[in-house]
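Okay, everyone, thanks for coming. Let me put the structure up, and then I'll walk you through a few spots.

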Amino acid sequence: MDVPADSHIKYEDAIDYWTDVDATVDGVLGGYGEGTVVPTMDVLGSNNFLRKLKSRMLPQENNVKYAVDIGAGIGRVSKTMLHKHAAKIDLVEPVKPFIEQMHVELAELKDKGQIGQIYEVGMQDWTPDAGKYWLIWCQWCVGHLPDAELVAFLKRCIVGLQPNGTIVVKENNTPTDTDDFDETDSSVTRSDAKFRQIFEEAGLKLIASERQRGLPRELYPVRMYALKPMPN
Ligand SMILES: C[S@@+](CC[C@H](N)C(=O)[O-])C[C@H]1O[C@@H](n2cnc3c(N)ncnc32)[C@H](O)[C@@H]1O
């Protein structure tokens, strides 16, 4: 019998891989940087998705729109998209050279007071403060966690949400019902069905889901999932 794809994941291998990658947009996007349509289409797709969800994401009880960018790389998502929606952003990223570049990329937002904490840890070792976040944004990084660790991470994220807070997961999907292990960066690409199963296990309700449009055909399909805690 085949072993599950996620059983091959090794955190240290992922860190070694990303530490050797250029701390640039091209680097964090696997060669699909500013010379391609990917960064622009990605930002357009995310902005559109969040705009459509706006009425279902109203902060409650005088909370501010505090977001966290998970597996943030050099801060690309915060710099080009999240800062337009959130008042303040924390970032979680375990790779040192990316953190160093993040300080450069986010200098302007920092001056404006829009950057909060930068957590230099992996998601598996990160626990959000209870009730802190209006939005937890996880993009192109949760493949670094095995299924059970991803469920546990999402459960901790639920505790980290403000009332009416939202988790968004934006990730590649396999076009089949199986998950693929990539030994290059020690990550898995999950099927849409697997993601939905994991969300349910974590106690999350899928409130919206959309396929990212306009990406090169040779890439995996990319899907955005908006999630809220299931009512108890
Ligand atoms: C494909 S890059 C995406 C970066 C960023 N989300 C973006 O879209 O520009 C994957 C990121 O996941 C980070 N990563 C790898 N293992 C991780 C872990 N265990 N916890 C959090 N982030 C991790 C890598 O260092 C890298 O920054």
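So, let's start with a salt bridge: Asp42 pairs with Lys170, and their closest N and O atoms sit 2.6 Å apart. Keep in mind that this is a predicted model. Why do I like this pair? Asp42 is in helix H3, residues 38–53, while Lys170 belongs to strand E5, residues 161–174, so the contact ties together parts that are 128 residues apart in sequence. And how many salt bridges does the structure hold? Twelve, with Asp42–Lys170 being one of them.

Okay, on to the ligand. There are 18 residues around the ligand, and the ones that come nearest are Gly71, Arg76, Glu93, Met123 and Gln139. Gln139 also shows up in the polar contacts: one of its polar backbone atoms is 2.8 Å from a ligand nitrogen. Gln124 uses its side chain instead, with an N or O atom there lying 2.9 Å from a nitrogen atom of the ligand. Then there's Gly73, where a polar backbone atom is 3.3 Å from a ligand oxygen. So how much of the ligand does the protein bury? Taken alone, the ligand exposes 590 Å², and 96% of that is buried by the protein.

Last stop, the surface. Which residues make up the patch of negative charge there? That would be Glu12, Asp13, Asp16 and Asp20. If you want to find the patch on the screen, look for helix H1, residues 11–19, which is where Asp16 is.

That's my tour, thanks.

Conventions: Residues numbered from 1 in each chain as written. Predicted model: local features only at pLDDT ≥ 70, side-chain atom pairs only at ≥ 80, totals over all residues. Heavy atoms only, no water. Patch = residues over 30% accessible without salt bridge, like charges linked within 9 Å, V, L, I, M, F, W, Y side chains within 5 Å. Areas by Shrake-Rupley, 256 points an atom, 1.4 Å probe, with all protein chains shown as cover. Salt bridge = Lys/Arg side-chain N within 4 Å of Asp/Glu carboxyl O. Lys, Arg positive; Asp, Glu negative; His and termini not counted. Charge placed at Lys NZ, Arg CZ, Asp CG, Glu CD. Helix = DSSP H or I, 4+ residues; strand = E, 2+ residues; numbered from the N terminus. Near = heavy atom within 4 Å. Polar contact = N/O pair within 3.5 Å; in protein donor to acceptor, adjacent residues only side chain to side chain.
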